[in-house]
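Please look over the sequence and the model below before reading on. The paragraphs that follow move from the whole chain to its sheet and then to the helices.

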Amino acid sequence: MNRSRLAPGAGIVTAPGDRPVLRTSEGEFLRIDTGHVGPGELVDRLTEGEGQASSAELDRLIAAFEEAGHAVTEPRRPPLTGRTVHLLGDPVLTEPLARFAAAEGAEVHPITADDVAGLEGRRDTAVVWCLDSPVPEGLWDEADRLPARHTAWLRCHREGAHAWTEPLAYAPGDVTAAHVRLRRLAATAAHRELAAYWAGHRTPDTGPHPTEPAAALIAALLTADLIAWASGEPHRGPGLPARRRLRRIDLRDLTVTEHPVLPVPEVAPLPAPTARTAP
């Protein structure tokens, strides 16, 4: 029989002369009413202690910890266990991401751009495409169809000194790369210049390319998005949900800013102009 243990991130704090307090994995402090159970008995049951004390009241207290998610009986499974992640793009970004995703339990496979169209739609599969450059026009059009097949789609790219991680998409109607481009064009007065930049009408790239710390930061952010996908995206904290979050990482000082972004609804084409006849 597996013994209950404190959940990862949780702990019991005992201030001198006071009752024990639970520090949750979210950083909250909750007072524990142990009743007639000694604090030492509780700690021994929830840690690696050797205490074998047991009573109906202690059992009820442990059950309350488990019900609230502050204690677990099963060992922690890596959050990406059972998930397949297909990676493609520039090695400076895909190599650290492959390591991080595998460490979280994912089965990682390198693929090429030609492989994207042939991928079968699977809910346990994600495609992540990382570029150390702006995105050439049309490059991500095929991958933008993946969410309609319930395959997760995640991407990042660099424009000058900024790297962008785009919203996680895994269901029909989610934010695609095309939506992000439209939203960014609509948000700037320099939309003609930005469109020309994307189309390749620019001087040769002068970097800066991601350093090892910058690449690790980007890979960690993408891994967090994959974990959100695998866990059904339980959103906690003040930040934006992964499916609505565009991040900009400044490669010079590694600051990260978040921007909300929504899908762009399809609209009917404008009617063709009709010829006017003279009165």
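What percentage of the 279 residues in the protein chain is buried? Buried residues make up 38% of them, a figure that, like every other one here, is computed from a predicted model. The solvent-facing side of the account is an exposed area of about 15900 Å² for the protein chain, of which carbon and sulfur atoms supply 55%.

The overall dimensions come next. The C-alpha trace of the protein chain spans about 95 × 50 × 40 Å along its principal axes, and its radius of gyration is 25 Å, where a compact globule of 279 residues would have a value near 19 Å. The protein chain contains seven helices and twelve strands. When contacts between residues at least 6 apart in sequence are considered, 61% of them join residues that are at least 24 apart.

Seven of the strands form an open sheet with mixed pairing, and reading across this sheet gives the order 7-6-8-9-10-11-12. Because strand 7 (107–110) and strand 12 (256–260) each have a single partner strand, they stand at the edges, and one side of each is left without a neighbour in the sheet. From one strand to the next, the twist averages 20 degrees. In general, the strands of a sheet pair through backbone hydrogen bonds, in either a parallel or an antiparallel sense. An antiparallel case is offered by strand 10 (residues 162–165) and strand 11 (residues 245–250), which pair over four bridges; here H162 has D250 of strand 11 as its bridge partner.

Which strands does helix 5 touch as it packs on the sheet? Helix 5 is in contact with strand 9 (152–159), strand 10 and strand 11, and its direction makes about 45 degrees with that of strand 9. Helix 7 (residues 212–230) also lies across strands of this sheet, namely strand 6 (84–89), strand 8 (125–130), strand 9, strand 10, strand 11 and strand 12, and it runs at about 160 degrees to strand 9.

Helix 5 (residues 177–186) also meets another helix, for its axis and that of helix 6 (residues 191–198) come within 8 Å and cross at roughly 145 degrees. On the helix 5 side the contact is made by R181, R184 and L185, while helix 6 contributes H191, L194, A195 and W198. Sorted by class, the residues in this contact are four nonpolar, one polar and two charged.

Notes
Residues are numbered from 1 along each chain as its sequence is written. This is a predicted model: local features need pLDDT of at least 70, side-chain atom pairs count only at pLDDT 80 or more; totals for chains, interfaces and linings use all residues. Side-chain values use heavy atoms; hydrogens and water are left out. Axes are lines fitted to C-alpha atoms, for helices over the stretch in contact, and angles run from 0 to 180 degrees between N-to-C directions. Helices (H or I, at least four residues) and strands (E, at least two) are DSSP runs, numbered from the N terminus. Contact means heavy atoms within 4.5 Å. Ala, Val, Leu, Ile, Met, Phe, Trp, Tyr, Cys and Pro count as nonpolar, Asp, Glu, Lys and Arg as charged, and the others, Gly among them, as polar. Two strands pair if DSSP finds at least two bridges between them. The radius of gyration is taken over C-alpha atoms; the globule rule is 2.2 Å times the number of residues to the power 0.38. Buried means under 20% relative accessible area, exposed over 50%, partly exposed in between (1.4 Å probe, protein chains only). Accessible areas come from the Shrake-Rupley method with a 1.4 Å probe; for residues, only the protein chains shown count as cover.
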